[in-house]
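Work through the exercises below with the sequence and the model side by side. Try each task before reading its solution.

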Amino acid sequence: MSYGTQMPNRDFLWDVFQRVDKDHSGAITADELQQALSNGTWTAFNPETVRLMIGMFDKRQSGTVNFEEFGALWKYVTDWQNCFRSFDNDGSGNIDRQELKTALTSFGYRLNDDIINMLIRKYDRAGRGTIYFDDFIQCCVVLYTLTSAFRQYDTDQDGVITIHYEQFLSMVFNLKI
């Protein structure tokens, strides 16, 4: 997903990377990244979202991101931030039910109100009927990952698949979510 955000210059990214890499190991752990990220609500960034993002950009399978991987992760978070702001119509710093429905519809999902309500319940950590920035990322990434896995079996693109239980388990447990 690209919203016109260009990669910041290398010197700027290196400065940010060094500040986030608290132990100066040359790699950023999930804990270091969580401390550095802000969802704009004065609450800690969701550790599950951080783990998910580290996994997406950790090409070396080390459980950390090095400087090169960090640059891609930084752009990814910045793009999501721009996306989030574009759907947070009331400027509240979170996404409500209608804003989530609008966002997901614009991404091409045709989900009924029961599914939208289920997503709000699942990703609403504060119990206020809204989703914070970090949980919005997680919701969208999980939805995308599940949809992609489903489409591998939906060869005729009719929204219906027939699979065996073990195929289902294999599909779900092989996902990086």
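**Exercise 1.** Is tryptophan 80 buried or exposed?

Solution. The model is predicted, so local features need pLDDT of at least 70, side-chain atom pairs count only at pLDDT 80 or more, and totals for chains, interfaces and linings use all residues. Residues are numbered from 1 along each chain as its sequence is written, and side-chain values use heavy atoms, with hydrogens and water left out.
Step 1: take the cut-offs, where buried means under 20% relative accessible area, exposed means over 50%, and partly exposed lies in between (1.4 Å probe, protein chains only).
Step 2: tryptophan 80 has a relative accessible area of 5%, so tryptophan 80 is buried.

**Exercise 2.** Classify the aromatic pair of tyrosine 76 and tryptophan 80, then the pair of phenylalanine 70 and tryptophan 74.

Solution. Step 1: rings of Phe, Tyr and Trp (its six-membered ring) pair if their centres lie within 6.5 Å; planes under 30 degrees apart count as stacked, over 60 as edge-to-face and the rest as tilted. A search of the whole structure gives 14 such pairs.
Step 2: the ring centres of phenylalanine 70 and tryptophan 74 are 5.9 Å apart and the planes stand at 50°, so this pair is tilted.
Step 3: phenylalanine 70 and tryptophan 74 lie four residues apart in helix 4 (residues 67–87), which puts about one helical turn between them. Helices here are DSSP runs (H or I, at least four residues), numbered from the N terminus, and strands are runs of E of at least two.
Step 4: phenylalanine 70 is buried at 2% relative accessibility, whereas tryptophan 74 is partly exposed at 27%.
Step 5: the pair of tyrosine 76 and tryptophan 80 is edge-to-face, at 6.2 Å centre to centre and 75° between the planes. These two residues are also four apart in helix 4, about one helical turn. Tyrosine 76 has 17% relative accessibility and counts as buried.

**Exercise 3.** Which residues form one aromatic cluster with Tyr76 and Trp80?

Solution. Step 1: the cluster holds Phe45, Phe57, Phe84, Phe87, Phe107, Phe133 and Phe136 together with Tyr76 and Trp80.
Step 2: leaving out residues up to four places away in sequence, tyrosine 76 touches Met53, Met56, Phe57, Ile137 and Val141. Contact means heavy atoms within 4.5 Å.

**Exercise 4.** Describe how helix 4 packs against helix 7, and then against helix 1.

Solution. Step 1: axes are lines fitted to C-alpha atoms, for helices over the stretch in contact, and angles run from 0 to 180 degrees between N-to-C directions.
Step 2: the axes of helix 4 and helix 7 (residues 133–153) come within 10 Å and cross at roughly 100°. Helix 4 is therefore roughly perpendicular to helix 7. Angles of 65 to 115 degrees count as roughly perpendicular, under 35 as roughly parallel, over 145 as roughly antiparallel and the rest as oblique.
Step 3: Tyr76, Val77, Trp80, Gln81, Cys83 and Phe84 of helix 4 meet Phe133, Phe136, Ile137, Cys140 and Val141 of helix 7. By class, this contact of helix 4 with helix 7 has 10 nonpolar residues, one polar and no charged. The nonpolar class is Ala, Val, Leu, Ile, Met, Phe, Trp, Tyr, Cys and Pro, the charged class is Asp, Glu, Lys and Arg, and the others, Gly among them, are polar.
Step 4: helix 1 and helix 4 pack at about 100°, with axes 10 Å apart, and are therefore roughly perpendicular. Arg10, Phe12, Leu13, Trp14, Val16 and Phe17 of helix 1 make this contact with Phe67, Glu68, Phe70, Gly71 and Trp74 of helix 4. The contact of helix 1 with helix 4 has eight nonpolar, one polar and two charged residues.

**Exercise 5.** Where is glutamine 61 found, and what is the place of glutamine 157?

Solution. Step 1: glutamine 61 is in the loop between helix 3 (47–57) and helix 4, and is exposed at 57% relative accessible area.
Step 2: glutamine 157 is in the loop between helix 7 and helix 8 (165–173), and is exposed at 55%.
Step 3: most residues other than glycine have a negative phi. Phi is positive in glutamine 61, near 60°, and in glutamine 157, near 55°.
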